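Here is a short back-and-forth for someone opening this structure for the first time. It asks how each label is earned.

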Amino acid sequence: MNHPVPPARLLADAKHPLHTPAGLVGDTPVLWIGDPFTARGRGFWAKLEGHNPGGIKDRTALHMVRAARESGRLAPGARIVESSSGTLGLGLALAGAVYGHPVTVVSDPGMEPLMTGLLAAHGAEVDLVTAPHPEGGWQEARRRRVAERLAARPDAWCPDQYNNPDNAAAYAPLARELVAQLGRIDTLVVSVGTGGHSAGVGSVLRAHFPRLRIVGVDTTGSTIFGQPAAPRLMRGLGSSIHPGNVAYGLFDEVHWVAAPEAVWAARRLARHHYATGGWSVGAVALVARWLARTLPPEDRIAAVFPDGPQRYVTTVFDDAYGRAHALLGPPPADDPDEIADSRERAVTRWTRCTRVTDPLARTTAPARTQEPTGARR
């Protein structure tokens, strides 16, 4: 005979009803990634930020807009204008709906049609620049268009995700979720673009775990950690400028990953674990996979996956696109190349450096040194 489940038990197991879409953000799951992606008996924990409506940057969009409204920097009903390759744009569209602000997202022709369509569907205006800046590339061209739009609309507000400290502050809840979910974390693996989530998550976790190893993941061709600028296919990580939010002193090491290597990892994750994402996820997963093999077995590794696979169906997961951009070659090497300093040479494949400094303040910023891989922390 079936007995009805007590109402209290039903309520305990159910999601609470929401009155605002802001409540959809946060409390994302953590998934174990092991064999066959990793070596047998090894693995890491992946924080699946793709379970937010638009991705990890929903967190910072909501927080930056709320903080600007509370401080008076953003007037009620004023337009929000920001540069984005897509994920922050979706977060700002969400924040605009929650707080009643029109949103303009300045991007470039590299934005996927799916992302352009989603932004438009959620009410955001998309303004595409048509030519890269001769020195700062598409990123600098977008920033200059933002400045033009702000000059034409003095009441408009720009979050300035690259330099706004509220960007990093927004990720403290993510760090606290990881502590509650995993209890102990020995190594954190994070992609670096604006520097927001690496700084926000890393600083909070290191306060909990002083000996935490923090591994930054960048893309080849990015200038963030002192490499020379080069054309970049990957979006969502890396930069052609030097964001003020990058907390160089937090990192124990940095890895640069090339686009074909990130694609291989993202596709393998999709096939074997049904949890994947785009360029950033592939790059982070490749590095976390290596750390899981080379660090002591008891080392607990957490990797932040910033988004899901949906927007990458026509790029990362499309064979025709992959062939056209030489992305579908052999698997990556088992180990990264190594350089002693980011100025040593320009890297074109997965490469690791354990001396992390601010490239704009090399004479004053102390390098953070790291114990050899495999050392107990």
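Q: What makes residues 363-367 a part to treat with caution?
A: This is a predicted model, and pLDDT stays under 50 over residues 363-367. pLDDT runs from 0 to 100 as the predictor's confidence in each residue, and where it is low, the predicted coordinates should not be read in detail. So hold the six contacts beyond four places in sequence that the model has for residues 363-367 loosely.

Q: Which pLDDT limit does the stretch 369-377 stay under?
A: Here, too, pLDDT stays under 50, although the model has 28 contacts beyond four places in sequence for residues 369-377.

Q: How do you know what the confidence is for the protein overall?
A: Look at the mean pLDDT, which is 92. On top of that, 92% of the residues reach 70 or more.

Q: Why does the radius of gyration agree with a compact globule?
A: The rule is 2.2 Å times the number of residues to the power 0.38. With 377 residues that lands near 21 Å, and the protein has 21 Å, so the two agree. Along its principal axes, the C-alpha trace spans about 75 × 55 × 45 Å.

Q: What makes S3 and S5 edge strands?
A: In the open sheet of three strands, the order is S3-S4-S5, with parallel pairing. S3 (80-83) and S5 (125-128) each have a single partner strand, so one side of each has no neighbour in the sheet. From one strand to the next, the twist averages 20°.

Q: How do you know that S3 and S4 are paired?
A: Pairing takes at least two bridges, and four bridges join S3 to S4 (residues 103-107), so the pair qualifies. The two run parallel, and serine 83 stands opposite valine 106 in S4.

Q: How do you know whether the reach of helix H3 is close to the expected one?
A: The expected span is 1.5 Å times one less than the number of residues. For the 13 residues of H3 (87-99) that gives 18 Å, and the helix reaches 19 Å from its first C-alpha to its last, which is close. Just after H3, glycine 100 takes a positive phi of about 80°.

Q: Why is H3 called mostly covered?
A: Buried means under 20% relative accessible area, and ten of the 13 residues in H3 are buried, so "mostly covered" fits. Among them are Thr87, Leu90 and Gly96. The cover includes helix H2 (57-71), S3, S4 and helix H4 (113-121).

Conventions
Residues are numbered from 1 along each chain as its sequence is written. This is a predicted model: local features need pLDDT of at least 70, side-chain atom pairs count only at pLDDT 80 or more; totals for chains, interfaces and linings use all residues. Side-chain values use heavy atoms; hydrogens and water are left out. Axes are lines fitted to C-alpha atoms, for helices over the stretch in contact, and angles run from 0 to 180 degrees between N-to-C directions. Buried means under 20% relative accessible area, exposed over 50%, partly exposed in between (1.4 Å probe, protein chains only). Contact means heavy atoms within 4.5 Å.
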